[in-house]
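Visitor: Please take me through one part of this structure in detail. I would like a close look at the ligand and its surroundings, and then a word on the cysteines.

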Amino acid sequence: MRIGRDSTSTLKALICESLGTKNAFLFANGRGAMSFLLQCMTKEREEDHKDVVVVPSYTCYSVAASALKAGLKVLVCDIDKKTLSYDREQLESIDFNTVLAIVSSSLYGLPNDLSSLEELARAKGVYLIDDAAQCLGATVDNRAVGTFGDAGILSFDKGKVITSMNGGVIVTSNKTLSRRIEIEHEKIENQSLLSRATDLAKLQAYFILLHPSLYWIPSNLPFLKLGETIYNEDYEVQNYFEALAPIARSQYTRIDQMNEHRRLCAASYTSGIHDTDLIECISPLAGSAPVYLRYPLRIKDDQIRRQFLYDYNSHGCSVSYPASIADVPEIRSRILVHNDRCEGGRIVASQLVTLPTHAFVRESDIERICSGLSRSERNSDTPQ
Ligand SMILES: *Cc1c(COP(=O)(O)O)cnc(C)c1O
């Protein structure tokens, strides 16, 4: 018991030090942390009756689930398909009177337009949640992603920057919000014994399968998926399992090396892939230093995209979230879509492909994937 407590406080200290935030609160997962944070924000602003959460038209389904779970309304705002960040014009045309918070997404390690999101949120008097679940270690204007706005969210789930199978964090330097979170956090429960035992078993399998001596680029491994690609609101807000803390901590101390490898992979993809009428890479925003959890690009022809995914799935190339948040069947009738627009999100959902950058991806893997993309290109030129 003591050992567990010590290692969670070391983990928290490490997070705060590396990000430069005052407080970190640990949860069983990122979606629980997000839902809990939104509840605390609601309580802070109880008198204002603000109950709308703005989410991007393309992001992890858990983000929308967290807001709905917290009893709030989801307002989907479209994104720019070239950057995956909010469509600025759309965002600014929102009536913020009933808005509680804006949530960023920073998918695949590419930071959103966080400096200007922070400015907008401040000007409109709404919270900004800097969702850094996929972007830990990246910066914008030399400031760590996760520290923009009023609070940030981290995740230690499968397929994130670092993983202890499960885990979520709220980071914040906002004093009143911290005090509120501290009080409420005392009340939450631990995971069941069964789910803790399952975590340990999964953890073991994960590291055995990822061991270099068993080298292969895992594909279709159900627990390597990036976030939830099926909608699920059925989870509890619970405490982080303390026994996992040493695993998260030991990866955290190597995070720069791990991200450096991801950046090198991304640089190789960038030099091997040229934007054409068929293929377009996602552009990092000016002032940002991405970490490239995966390398995203769009293949604009549906048939060619399908063929590429079919041929290269075993090389770790895969789709991401299959639909825009506006089109998730389970919640479509319960959410609002700003200006009825989600074209950017829909295009991204139908065209996005993500390439692997994890620790076991080698230069030869990247060359093979790049030549597969060139072949797609040539096939698209051939008159049928
Ligand atoms: C994974 C993810 C979450 C939720 O984290 P979990 O730990 O999986 O619950 C939230 N936002 C984004 C962008 C994510 O990728």
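Guide: What follows covers the ligand site and then the cysteines. Keep in mind that this is a predicted model.

Start with the shell. The ligand has 15 residues around it. Those that come nearest are G30, D131, Q134, S155 and K160. By residue class, the shell holds 5 nonpolar, 6 polar and 4 charged residues.

Now the contacts with ligand oxygen. G30 contributes through its backbone: one of its backbone N or O atoms lies 2.7 Å from an oxygen atom of the ligand. S155 uses its side chain instead, with an N or O atom there 2.7 Å from a ligand oxygen. K160 also takes part through its side chain, where an N or O atom is 2.6 Å from an oxygen atom of the ligand. As for cover, the ligand on its own has 370 Å² of accessible area, and the protein covers 99% of that. The space that the ligand takes up is the largest cavity.

Next, the cysteines. How many disulfides does the model contain? The count comes to 0. A disulfide is a covalent bond between the sulfur atoms of two cysteines. The cut-off used here is 2.5 Å between the sulfur atoms.

Why is C16 not in a disulfide? Its closest cysteine sulfur belongs to C40 and is 16 Å away, so the gap is too far for a bond. C16 has 13% relative accessibility and therefore counts as buried.

C317 is in no disulfide either. For C317, the nearest cysteine sulfur is that of C370, at 9.2 Å. Is C317 buried or exposed? C317 counts as buried, because its relative accessibility is 0%.

Conventions: Residues numbered from 1 in each chain as written. Predicted model: local features only at pLDDT ≥ 70, side-chain atom pairs only at ≥ 80, totals over all residues. Heavy atoms only, no water. Near = heavy atom within 4 Å. Polar contact = N/O pair within 3.5 Å; in protein donor to acceptor, adjacent residues only side chain to side chain. Areas by Shrake-Rupley, 256 points an atom, 1.4 Å probe, with all protein chains shown as cover. 1 Å grid on protein atoms, 1.4 Å probe; cavity = no way out; pocket = protein on both sides within 12 Å on 5 of 7 lines; lining within 4 Å. Sits in = over half its atoms within 2 Å of the grid points. Nonpolar A, V, L, I, M, F, W, Y, C, P; charged D, E, K, R; others polar. Buried < 20%, exposed > 50% of the residue type's maximum accessible area, 1.4 Å probe, protein only.
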